[in-house]
Amino acid sequence: MADDCVFLMGKFEARLPGDLLYARTHMWARPLEGGRLRFGFSAYAVRLLQDVYFLEWRIEPGTDVALMEEIGFIESSKAESSLYAPVAGRVEAFNAELLADPSGVNADGYGAGWLFDMTASPADLMDVAGYEAFLTTAWEKTQRVIKGKINEG
Amino acid sequence: MSRTRLTVVLSQAQGKNPARRALEESIAAALILEPGLDVSIVPHLYDLDGQHTGRLFLEGVAGDMVVLSWLYPRAAYWLLDRAGVKGKPGETQLKPEDEEEAGERAAEEEKPEPPQGIGAVDVPDRWIYTLDLRDHSDHRAFVDEVRRIAAECQARRAAASPPTMVELNVPQPAAFTPEQLMTPPGRRWYPVIDYSRCTNCMECLDFCLFGVYGVDGLDRILVENQDNCKKGCPACSRVCPSQAIMFPDYKTPAIAGAPVGAVTGLKIDLSRLFGGDDALKMAADERDRELVRDGRDAVGLTVGVPKRQADKPAGPKDELDNLVDALDDLDI
């Protein structure tokens, strides 16, 4: 089992548990029984979003999705984003508690604040070291987006 | 119409939204009897082409002017500039309803870097104020602001040296009937350049393959053939490295001309970080779609794509630190 990692976002320390897998959508994945994967936001994503107050899914449970297909939308006090499928597969269930109160993403992002379960292969996911390396390269781009220098839409 | 009066132009919303029409009518009714004001109503500013009576009317206004429209102030100002209706940008004190509480705090926060564009040319000595009708649902907010602007303009004129010439020979603009002004225009779609941000880098000219852009006599970038533009396509605005290109009717605020650079106000869109396509890819896809629709070949990222945008160097590290710290400070 890999050790936990800490990625420094400026002075903020984003904790990355070593026992999880990670996707480029800044989601973690935890293998469940029956070939399912549970996904949630990494501390890096939660840090960018800050206080989440709106979460919506644009597909029904049981839908097959392609990699990076748009599946939802999230809004926080400071940011908003479309949400994309971290892997190809079938989205089986969404965390119902979050739909009632999405602040669980902030309160317990690696636990009760999970987002959805999928039936999918973990083959394309990264381990914690791979994700940390990905964050290191993505950090510049993140700064540019935060600075609003990119025309997004 | 005298230069000593303030011209107030109400630009109507497209369509027949009753709430919007009611706001327009309440404002007009309150201002029409106000002394010192000339109030006129025209259709949606963006849709007026060079032949439209409403546009001819705007071109004929000589003095200070307030334009109320369903557009971001920045978009309305530069749209008028392109139409030859030029003036110094008047600063409104009207703030969007939901930002008023945060106003004081925002004023203390870091201001965005000042834009370093090439600026407007041939700006006459008069002021144009552009107000966004979406900022308030109560007409009184607009009426009060127009009164404030009227007083501000009057004070400014009084402070300036007295006119040496009586306005006897000033050509008067043609008078138009309200019906002429309100001839319904067709919907239009074209980019509007914010020259306070535009650096004349010509990347839009290289990227657009539909002949929308050209240059003027001073070799400045110009939206030369507005109606060559492809309806719904905002690709060039994504390519612009300075966020100087606006599509005033586009759904996304950043492209429609919302205030730029402020971390407050506008929310940061993280889609690109969470797996969405990057802006350049989106722009190329949008352009390909229009090329194919025209029976031409898609070109993807092979034509007119800025090379240097791919890996823009980040700023110094300490500045990045500050940014993240600034996010901390923004916590509610």
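Tutor: Helices are DSSP runs of H or I with at least four residues, strands are DSSP runs of E with at least two, and both are numbered from the N terminus. This is a predicted model: local features need pLDDT of at least 70, side-chain atom pairs count only at pLDDT 80 or more, and totals for chains, interfaces and linings use all residues. Residues are numbered from 1 along each chain as its sequence is written, while chains are lettered from A and ligands numbered from 1 in the order in which they are written.

Student: Which residue just after α10(B) takes a positive phi?

Tutor: Helix α10 of chain B covers residues 279-293. Look just after α10(B), where a phi of about 80 degrees belongs to Gly295(B).

Student: How far does α10(B) reach from its first C-alpha to its last?

Tutor: The expected span of a helix is 1.5 Å times one less than its number of residues. For the 15 residues of α10(B), 21 Å is expected. The model comes close to that, with a reach of 21 Å.

Student: Which residues of α10(B) are buried?

Tutor: Buried means that 20 or more other C-beta atoms lie within 10 Å of a residue's own; exposed means 12 or fewer; partly exposed is in between; C-beta atoms are placed from the backbone. In α10(B), the buried residues are Ala279(B), Ala283(B), Ala284(B) and Arg287(B).

Student: How many degrees around the axis do they cover?

Tutor: The arc is taken from the directions that run from the helix axis to the C-beta atoms. The buried residues sit on the same side of α10(B), because their arc is only 130 degrees.

Student: What do the buried residues of α10(B) pack against?

Tutor: Two residues are in contact if their C-beta atoms, placed from the backbone, lie within 7 Å. Val292(B) and Arg293(B) are exposed on the other side of α10(B). The buried residues pack against α8(B).

Student: Which strands of chain A stand at the edges of its six-strand sheet?

Tutor: Two strands pair if DSSP finds at least two bridges between them. The open sheet runs β3-β4-β5-β11-β10-β7, with antiparallel pairing. Each edge strand has a single partner, so one side is left without a neighbour in the sheet; these strands are β3(A) and β7(A).

Student: What is the bridge partner of Tyr22(A)?

Tutor: β3(A) and β4(A) pair in the antiparallel sense over two bridges. In β4(A), the partner of Tyr22(A) is Trp28(A).

Student: Is His26(A) buried or exposed?

Tutor: His26(A) lies in the loop between β3 and β4 of chain A. Its phi is positive, about 65 degrees, although it is not a glycine. Since 27 other C-beta atoms lie within 10 Å, His26(A) is buried.

Student: What is the bridge partner of Thr7(B) in β2(B)?

Tutor: Chain B has an open sheet of five strands, β2-β1-β3-β5-β4, paired in parallel. β1(B) and β2(B) pair over six bridges. In β2(B), Thr7(B) has as its partner Asp38(B).

Student: Which domains of chain B does the largest nonpolar core lie between?

Tutor: A nonpolar core is a set of buried Ala, Val, Leu, Ile, Met, Phe, Trp, Tyr and Cys residues joined through C-beta atoms within 7 Å. The largest has 67 residues, with Ala76(B) among those that touch the most other members. Helix α3(B) gives the largest share, six residues. Domain bounds come from an automatic or database assignment, and this core lies between two domains because both give residues to it: domain 1 (6-181) and domain 2 (200-241 + 269-329).
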